[in-house]
Structures are given as structure tokens and as C-alpha cells.
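Work through the exercises below with the model open. Try each task before reading its solution.

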Amino acid sequence: MERKVYADNAATTAMSRAAIEAMLPYLDGIYGNPSSLYSVGQQAKEALEGARADIAACLGARPDEIYFTSCGSESDNQAIRSAARLGAAKGKKHIISTAFEHHAVLHTLDRLKREEGFEVTLLDVHKNGVVEAEEVKAAIRPDTCLVTVMAANNEIGTVQPIAEIGAVCRAAGVVFHTDAVQAVGHIPVNVAEQNVDMLSLSAHKFHGPKGVGALYCRRGLRLLPLIDGGAQERGRRAGTENVAGICAMAAALKEACANMQKNTAKLVALRDEIIEGLSRIPHSVLNGDRQRRLPGTVNMCFEGVEGEGLLLYLDDMGVCASSGSACTSGSLDPSHVLLAIGLPHEVAHGSLRVSLCEYNTREDAEHIIKCVPQVVEKLRAMSPVWKEMERGERPHVI
Amino acid sequence: MALYSEKVMDHFRNPRNVGEIPDADGVGEVGNARCGDIMKIYLKIKDGIIEDVKFNTFGCGSAIASSSMATELIKGKPLSQALELTNKAVAEALDGLPAHKLHCSVLAEEAIRAAIKDYYDKNGMEYDKSLFPEPDEDHEIHGD
């Protein structure tokens, strides 16, 4: 039996035992609606509020600053649209973000631009995939109503200076939102210390279930609903709460935060081993800053090969990973993240993202280090691009 | 439910006719690296018959499988027959391609035509120009 290595934890994670067990009572016995006044409803309500308190504690927030949503994308949409509408009411229609945000942010901003006449400044993220607080400061205008910068990038794993950006925004009186979907449960996040006004998170990125997320919104800051209806979530998010999913999210996050130091030490060692191993492949490059990155994320490009082929051959060898090639994105262009850090199209097509979690082992890392060079070699052996490079008819870019 | 048919996966895992022919009679290259796929076909031709064919492809799984299948379909065939090969025939022989991957079979058809045209041009042979429309440089057919 071939080894199975799941190395796509930035896409989604396996649920933890603690998360599954936290869910079960609310799927089976305690099925009441938290808005109902009889006891099975109130038991569900109690669980919901317990989960809210746990999640708030993990983020350095207060329970009444946490709103449950259906996913990270919903949280991003609500935060941005709310801040935009409140800004527009005061005549402020300028938003600052970065070129490599998740599509949940970029597409929301696009729509505000197209349909509501907002102006959007997308900051450069440089070759290392990090935006600096000074650049945010320089971009703030009198009519800026929102700055939204992700805490860590989902493709290349670079970590942004959130606390510094938050401080700049606080000083300028501009609302600061961060899409922290890849960061929460993986690196220390504290909304109070990091000057964050709004923050999005998603349960399935830290061993919780899919279909549940949360939005933190600082007390005193208005939050407009995206979904109208009942009075759930204090009128900010209608719809009967996903009690089981929310309880599982809280259990998963508590566990992730309790073990963060231990997990980080393990992951950094495995990550660095993989970076070192795969960097031995000629004409390869690590994408994003070497140091300022998530503990478990590696993203590399290999010249002369295309990402989808890499993934399919790796799948045959038991390795689940991902790529930012056009073929895997289903569009003409390769990943906007890789283009944003300045990679030429032809190089960006040959990207591989390996994202680990604490369930991965040293043997998994060794398997990846063994398989990837074989697959790259196999694809290069039939690549006209690579052959032209080898014959000197086409320049190597990396 | 897999992304690709078993046939596609077979031709991707064990591509037929991979390689180059140093003294090829006709060479055709289509696509561009910017869009993420390039296909290069080499033909050895004798008495109007394709005696040998090899390919090199930079591209996704279906691009490699389409190249492999297309070369199988024309090997040993007269040029007139190879010119009749359509992208549809390549896709069908692979038991179908996902809609957004059909352009890979188009590339295979275009690469073969380009190689045959190269052979005609090199040998100063007469041919019906309408058989060889200019390949779509911008590769706009990507997607559906």
C-alpha cells in the first residue's frame, strides 16, 4: 500500500477528534433551536454562548464581539460591505487592500468599485509577499473608510505585519479588517494587541467543520447585516445558528491555541526540511519570504513544468497538494497571488503548494522530498520549454 | 467521480510517442508558455505516410493525454487522413474531456496540422492553403 500524505491543509483540514465529539450532542440529542424558550432550546443556546466565549478568549476579544457566520467568505463579505456602506454614508468611498487577497475580498471590492463607485487601492506585495505598514500609511486618504489586509496569505503563506498595520489605521481613524482565515489557530492572533477592528475566520482551516465561520467586530463599531431575517446574532446575522458546527469550531480552536507552540515547533522543522529538500531541484524557487511565513506552508515553482501535471502524478504517489497553475484554477491566468509577487506567467504555471498540519509526520515530509523531484524530472523530460532552456534556446528565468 | 476518464489518465500516466525526432521531416509547435501549454509534434514521413511521430508537451494532464492520443491516431496513416483528424475525434478517443479542457484537444489538432504544413513548406509542395488556417495565437479558446 502506497503511503498517503495529505499536504493540502491550507485548502481544508481533517476534523480533530475533539471537534467531532463536540458536535455530536447537538446533532443527536440537543437539537433544539437556540431561540426557543423550552429547555432543549435553551441547552442549545447555552452551548452556543459557551462556544462564543471560548472563541472570543482565543482571539483576545469579548464574547459580544463575535458573530457566527457560515464561512470565511461570508465574514469577509459582511465586514467589507458593512464598512463600505457606513463609509459611503459619510462620503468616504476609498478602500485600501493588497493585490494578493483571497477572492472573497478581491471580488467583493471589485463589485463595490463597479456597482457603487468605490475607489480601491491595491498595495503591492513585493517579491517577498509582504506589505509594509508604512505603505498602508502612505496610501490612507481623508476619504479612506476601510483598510483590509490578510493576516497570512493562503497560497504562499507569508505573514503580514498586522499589529503595525492596525496601529497605523487606528492612528488615522480608519477601520481595519483582516482576513485571518489562514492565521487563526496557526499563529498568535490577539485582536486587542494587534489593533484589529474586524477579523474573519473559518473553522475548517483549523480542524473544525466546513460551513462555519465567525466575524469579530470590535465593540463600538457598527456592523450591518448581510442577511436579513430573524434577530439571531443580535440582529447582525439572521438565520438559525449552526449549533453543532459552532461548538465544533470552538473545540477545534481551543485545541489549536492550546497546542500552538508545540505544533509550530514541529511544523517549522518539517516545513524547513521540505524547503531544503525541494530547493535542491535545479531551477526551483521558494515563493514568499523565507522567514515571515506560516509554520506549515511551502510554495515553490519549478521551471519548465505545469502544475496540474505535478499534482496528478503526485496524487498517483499518494501525495495531496495544490498548485496555482491556470489549469487548476479553471481560468486563463495562473494564480493572482503568484503574479502579484512578480512571477512571470510561465513560471507561475509550475507552482506547487504543500501545506502541512500537526498530523503530518517526518515520514510524510521525506515522502514529499522523494516524490517531487521524480515528478518534476518526468514532466521536464517531455517539456519542450525545458528542453529549449537546456539547449540554451530559451533563457532560464529562475 | 474523477476529473478525467480512465483513458485520459492512462495516456497521461503512460504517454505514447514521447520524444523528439532529430531529423524530422515536419515539426509543428502551437500554444505558448504564458497560457500554460505548448505542444510540439515531430513527423517522419515517407511516401505520404506518417512513419513515425513524437511529441513534447508542456501543459496539464489533458494536454499530455491529448498529445499522446493524437500521435497514436495518426501514426502509420497517410497525410491526407492525418489532416482529417479533428479535436473532437481526439477528445472522443479519450472518452471525453471536461468542457474547460477541450482546448487541449484543439491544440493537438493544430500541432499536427502545423507539422504537416511545415513538411509541405520544407519540400516546396503544393497544398490547399484553406486547410491550414493560422493557429489562434492568443489562444482565446481557453475555457469554454
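**Exercise 1. A bridge and its sheet**

Task: find the bridge partner of A:C301 in β12(A), then place β12(A) in its sheet.

Solution.
- Step 1. A:C301 has A:S351 of β12(A) as its bridge partner. This is a predicted model.
- Step 2. Widen the view to the strands. β10 (residues 297-302) of chain A pairs with β12(A) over five bridges, in the antiparallel sense.
- Step 3. Now take the whole sheet. It is open and has three strands, ordered β9-β10-β12 in chain A, with antiparallel pairing.
- Step 4. Mark the edges. β9 (284-286) and β12 (351-355) of chain A each pair on one side only.
- Step 5. Add the twist. On average, neighbouring strands of this sheet are turned by 25° against each other, direction ignored.

**Exercise 2. Two domains of chain A**

Task: describe how domain 1 and domain 2 of chain A meet.

Solution.
- Step 1. Set the bounds. In the domain assignment, domain 1 of chain A covers 5-13 + 260-390, and domain 2 covers 17-258.
- Step 2. Separate the centres. Taken over C-alpha atoms, the centres of the two domains are 28 Å apart.
- Step 3. Count the contact. Domain 1 of chain A brings 21 residues and domain 2 of chain A brings 25.
- Step 4. Name the elements on the domain 1 side. β10 and α11 (336-340) of chain A each supply at least two residues. α11(A) gives the most, with three residues.
- Step 5. Sort that side by class. It has seven nonpolar, ten polar and four charged residues.

**Exercise 3. Helix packing in chain B**

Task: are α1(B) and α2(B) roughly parallel or roughly perpendicular?

Solution.
- Step 1. Locate the helices and read the geometry. α1 (residues 6-13) and α2 (residues 61-74) of chain B pack at about 85°, with axes 8 Å apart.
- Step 2. Classify the angle. Angles of 65 to 115 degrees count as roughly perpendicular, so α1(B) is roughly perpendicular to α2(B).
- Step 3. List the residues that meet. α1(B) uses B:V8, B:H11 and B:F12. α2(B) answers with B:G61, B:S62, B:I64, B:A65, B:S68 and B:M69.
- Step 4. Sort them by class. The contact of α1(B) with α2(B) has five nonpolar, four polar and no charged residues.

**Exercise 4. Chain B against chain A**

Task: which elements of chain B supply the side that touches chain A?

Solution.
- Step 1. Count. Chain B gives 22 residues to the contact, and chain A gives 21.
- Step 2. Assign elements. α1, β2 (37-46), β3 (49-58) and α2 of chain B each supply at least two residues of that side.
- Step 3. Sort by class. The chain B side has nine nonpolar, eight polar and five charged residues.

Key: Residues are numbered from 1 along each chain as its sequence is written. Chains are lettered from A and ligands numbered from 1 in the order in which they are written. This is a predicted model: local features need pLDDT of at least 70, side-chain atom pairs count only at pLDDT 80 or more; totals for chains, interfaces and linings use all residues. Axes are lines fitted to C-alpha atoms, for helices over the stretch in contact, and angles run from 0 to 180 degrees between N-to-C directions. Helices (H or I, at least four residues) and strands (E, at least two) are DSSP runs, numbered from the N terminus. Angles under 35 degrees count as roughly parallel, over 145 as roughly antiparallel, 65 to 115 as roughly perpendicular and the rest as oblique. Two residues are in contact if their C-beta atoms, placed from the backbone, lie within 7 Å. Ala, Val, Leu, Ile, Met, Phe, Trp, Tyr, Cys and Pro count as nonpolar, Asp, Glu, Lys and Arg as charged, and the others, Gly among them, as polar. Two strands pair if DSSP finds at least two bridges between them. Domain bounds come from an automatic or database domain assignment.
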